[in-house]
Amino acid sequence: EHLVPFQCKPGKEYNEVASLIFTEPDIAIKQLFHFREAGADDVSTFSSGALFMFFIPYIMLATLTYGIAVPSGLFVPSLLSGAAFGRLFGHLLHKLDHTSGTFADSGTYALMGAAAVLGGMARMTISLTVILLEATGDMQYVLPLMLTLMAARFTGNVFNEGLYDIHIHLKHIPFLEPDVPAVAERNEIVAGQVMSTEVKCLRPVERAGVV
């Protein structure tokens, strides 16, 4: 019922790309997770071309809207773009294998792709594993999800920090890092050299106007 018959015969045909773009993101994610690999006349699915045509512009627009500070969110777009890329990767594996059943269903690869993109963006591992396991309700994905999220985290750390950490530095928000900066270790800087002498003190119970 959520398939969009854009430029198609209503009730008989549906537009694959429009069914991903013009539906709610949560519905599109469910479709990418649960639709079968190959569709007959009565089975809905997405082709590799449709996934590619959806993934490229969607992830570019998600990156653009987040970069210009539009309140569009990043959690769900990361899940949706990752699910599309993961399902596309599953299609390619099945074509290489000539659909002989060696690899898992494309919906499984969509789940792993969603976890990889979201984990590479946020650099979270255990919490994302719990969230995605609660979404699927299947404990057999514990090990694949953990391996995917750890690989995404380590690969992302090779190039830069997480996106939220990058924005903290861009906005110059005071934030106490868990590790001592490298420049402080090299120059043997002590706490007294960086602390302010004008310390602001607050009582255990303070008025909002004072804070």
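Let's begin at His-172, which is exposed, with a relative accessible area of 69%. This residue sits in the loop between α8 and α9, and its backbone deserves a look: phi is positive, about 55°, although His-172 is not a glycine. Keep in mind as we go that the model is predicted.

Stay in this loop for a moment, because Asp-179 has its place there too, between α8 (163-170) and α9 (182-186). Asp-179 counts as exposed because its relative accessibility is 59%, and the cut-off for that class is over 50%. Together with Glu-161, Asp-165, Glu-177 and Glu-185, Asp-179 forms a negative surface patch.

Now move back along the chain to Arg-123, in the loop between α5 (106-122) and α6 (126-136). Here, too, a residue other than glycine has a positive phi, in this case near 60°. The surroundings of Arg-123 can be judged from its relative accessible area of 10%: buried means under 20%, so Arg-123 is buried.

With these loops in view, we can step back to the whole chain. The protein has nine helices and zero strands, so read from the N terminus on, its elements run α-α-α-α-α-α-α-α-α. The C-alpha trace spans about 75 × 40 × 30 Å along its principal axes. The radius of gyration is 23 Å, whereas a compact globule of 211 residues would have one near 17 Å. As for burial, 31% of the 211 residues count as buried, and Arg-123 is itself a buried residue.

Key: Residues are numbered from 1 along each chain as its sequence is written. This is a predicted model: local features need pLDDT of at least 70, side-chain atom pairs count only at pLDDT 80 or more; totals for chains, interfaces and linings use all residues. Side-chain values use heavy atoms; hydrogens and water are left out. Patches are made of residues with over 30% relative accessible area and no salt bridge: like charges are joined within 9 Å, nonpolar side chains (Val, Leu, Ile, Met, Phe, Trp, Tyr) within 5 Å. Accessible areas come from the Shrake-Rupley method with a 1.4 Å probe; for residues, only the protein chains shown count as cover. A salt bridge is a side-chain nitrogen of Lys or Arg within 4 Å of a carboxyl oxygen of Asp or Glu. Lys and Arg count as positive and Asp and Glu as negative; His and the chain ends are not counted. The place of a charge is taken as NZ of Lys, CZ of Arg, CG of Asp or CD of Glu. Helices (H or I, at least four residues) and strands (E, at least two) are DSSP runs, numbered from the N terminus. Buried means under 20% relative accessible area, exposed over 50%, partly exposed in between (1.4 Å probe, protein chains only). The radius of gyration is taken over C-alpha atoms; the globule rule is 2.2 Å times the number of residues to the power 0.38.
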